[in-house]
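User: I'd like a close look at one part of this protein, a single strand and its surroundings. Could you walk me through it, starting with any cross-links and ending with the whole chain?

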Amino acid sequence: MKKILSFLLALVILTGAIPMKASSLAILNGHGESCEECKEIGDADGNGVVDMDDAFHLLYYVFFPERFSLGKHYGHTSDCQTCKAAGDLDGNGAVDEDDAIYLLFHTVFPEYYPLHEMESPALLSVGYARGDITPEDSMEIYGSTATSAHDPLQMTCTAVCDGKNTALLFSLDLRNISESFTAQMTDIIEEKFGIPADHVMFNITHTHSAPNISNGTAAGVKWRQKMCDQLPVVVQAALDDMDVVKGVYTGKGHTDGITFVRRYLMPDGTYKTNPASGTATAHETEADNEMRTIRIDRMNKKDVVMVNYQTHYGSATGLYKGQYSADFVHEFRQQVEAEMDCHFVYHSGASGNLNFASAIPGERKYSDFIKATTYGLIPTMKDCLASEERVNVGELQFASSRYEATVYPDSVEDRKNAAVVNSSGYATDSEEYSALCAQYGFAGYRQVQGIMTRASLGETVELPFYAISFGDIGFASSPYEMFDTNGVQVREGSPFKMTFVCSYTNGSFGYVPSSIAFPHGAYEVFVSRFTRYTGDACADEMVRLLKECYVPGMKAESSFGESNLFT
């Protein structure tokens, strides 16, 4: 019956008995007849005006979708969520007969069939760029001095713009990044591009084959200047690469045999990190082996594929002594971009208690990161892409805070004894040093180092946290080596369909163990600056910021049907 009445009305209009309003498809929130975006969306036949033919095109699309697609705006296709939101006048989640019929009646009787305001999805643009930040001179890296590059260290920038605000999401192949250097970089960005500091995340891959960012040598100063010079070039290139987003897709997958909890229960009941001797009997906890992906489908340019995964990138330290390397990340990037013809971005997850290999005999491990990537990371990423779900986009949201974390209060006696050991003059790997540690009840150099570090701090330290979101996507950052149990805590507490937990971001405050690990001691606990529940409390703070960014995906209600002719 609806179809018959619709075509009867269409016939009447076609004969000219009733005029058609030219503004019939101007249906975006608050937009009017002169809006170019409305015309772009509503002008299905591309003749430069939204007219009677376009209204019929929508009607025909409803009845014959295989022959008539929705009007294409900025090249969007018939499965575009923005197109569907624009055409879904009654808010039932589909563009159907009722919408087409209502639209026809609106063109004839606009006072009785108004087009009510709708909340149109944000139109995002995304740009991508990458630049080289490999030191030009020899510098100390973890355990050796680098004199050449096995592969380049990279600075990657993903720029996201909603028409009003811009976010910059960086991934840098660095070992660490200090809060002071982060401030220097964000000052450059704000001065040159007007993008505020809380719109920027500098996430590092934590490769151990890069120098310490605080290297005070002439080579270190020169290297930091190279990064400051490269920064505006990369940002400008990302902004120049901006292209409209057609769709955003997220996926999840799991991998085994690459990442293990590196804290082990030993036969004597103690816990050790990466034990070199003795037989480890169990891991402290199970590793978080979940990989997460975001694929951004752009109109005219390559997809941008973002990966969030957690492991400790240090294999190149042993495999490539004396060479700079981005470790797993370089190989991962190379293989993905070659196979998928896309841009690749890696964001390090919570991995302060994880490693790329197991100390327990018989557990799967790879001999190098090329094999680990080829046979572990790549298949897992393909699983993520196979599980893809299209998600909503929306305006950028930002939240940040400075959380006051309590420094662990060592006793006066421990501080005094640690100072004695520290000033003994013995080499930290000597028998004399070990004997002196045992005399004062210390487990070794790391515990003494931790006490001395904490003694130089006040009672509290401010930790910077950031959250950035758009639509169903949320990014949360921590400025320290976060344990994976706290990373899972953030993901599970997040209101977003897809959350990237970015550890090692906008600061370097060392290890912050979870409350589960703290009583067991071992390396990460001994050198940590903070108390037992700091990691859990900081994870809660990250969740709070994500919730502050969250905007429920609610569509404005429509009064369609109040004058329903078809019931």
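Analyst: A disulfide here is a pair of cysteine sulfur atoms within 2.5 Å. By that rule the count comes to 0 disulfides. As for individual cysteines, C384 counts as buried because its relative accessibility is 0%, and C549 does too, at 1%; buried means under 20% relative accessible area, exposed over 50% and partly exposed in between, with a 1.4 Å probe and protein chains only.

Before the strand itself, a word on what you're looking at. This is a predicted model, where local features need pLDDT of at least 70 and side-chain atom pairs count only at pLDDT 80 or more, while totals for chains, interfaces and linings use all residues. Residues are numbered from 1 along each chain as its sequence is written, and side-chain values use heavy atoms, with hydrogens and water left out.

Now to β13. Helices (H or I, at least four residues) and strands (E, at least two) are DSSP runs, numbered from the N terminus. Leading into β13 (290-298) is a loop from β12 (282-283), and T285 sits in that loop. T285 has 18% relative accessibility, so it counts as buried. Setting aside neighbours within four places in sequence, T285 touches V261, N353, T485 and I516, where a contact means heavy atoms within 4.5 Å.

The strand that follows is largely enclosed by the rest of the structure, because 9 of its 9 residues are buried. In a regular strand the side chains alternate between the two faces of the sheet. In β13, E290, R292, I294, I296 and R298 point one way, and M291, T293, R295 and D297 point the other way, all of them buried.

What does β13 pair with? Two strands pair if DSSP finds at least two bridges between them. Strand β8 (residues 243-254) runs antiparallel to β13 over 9 bridges, with G253 opposite M291 of β13. Strand β14 (residues 304-309) is also an antiparallel partner of β13, over 5 bridges. There, I296 stands opposite V304 of β14, and a hairpin of 5 residues joins β13 to β14.

Zooming out, the protein has 16 helices and 24 strands. Of its 567 residues, 54% count as buried. Among contacts with a separation of 6 or more, 77% come from residues 24 or more positions apart. The protein exposes about 23,600 Å², and carbon and sulfur atoms supply 49% of that; the areas come from the Shrake-Rupley method with a 1.4 Å probe, and for residues only the protein chains shown count as cover.
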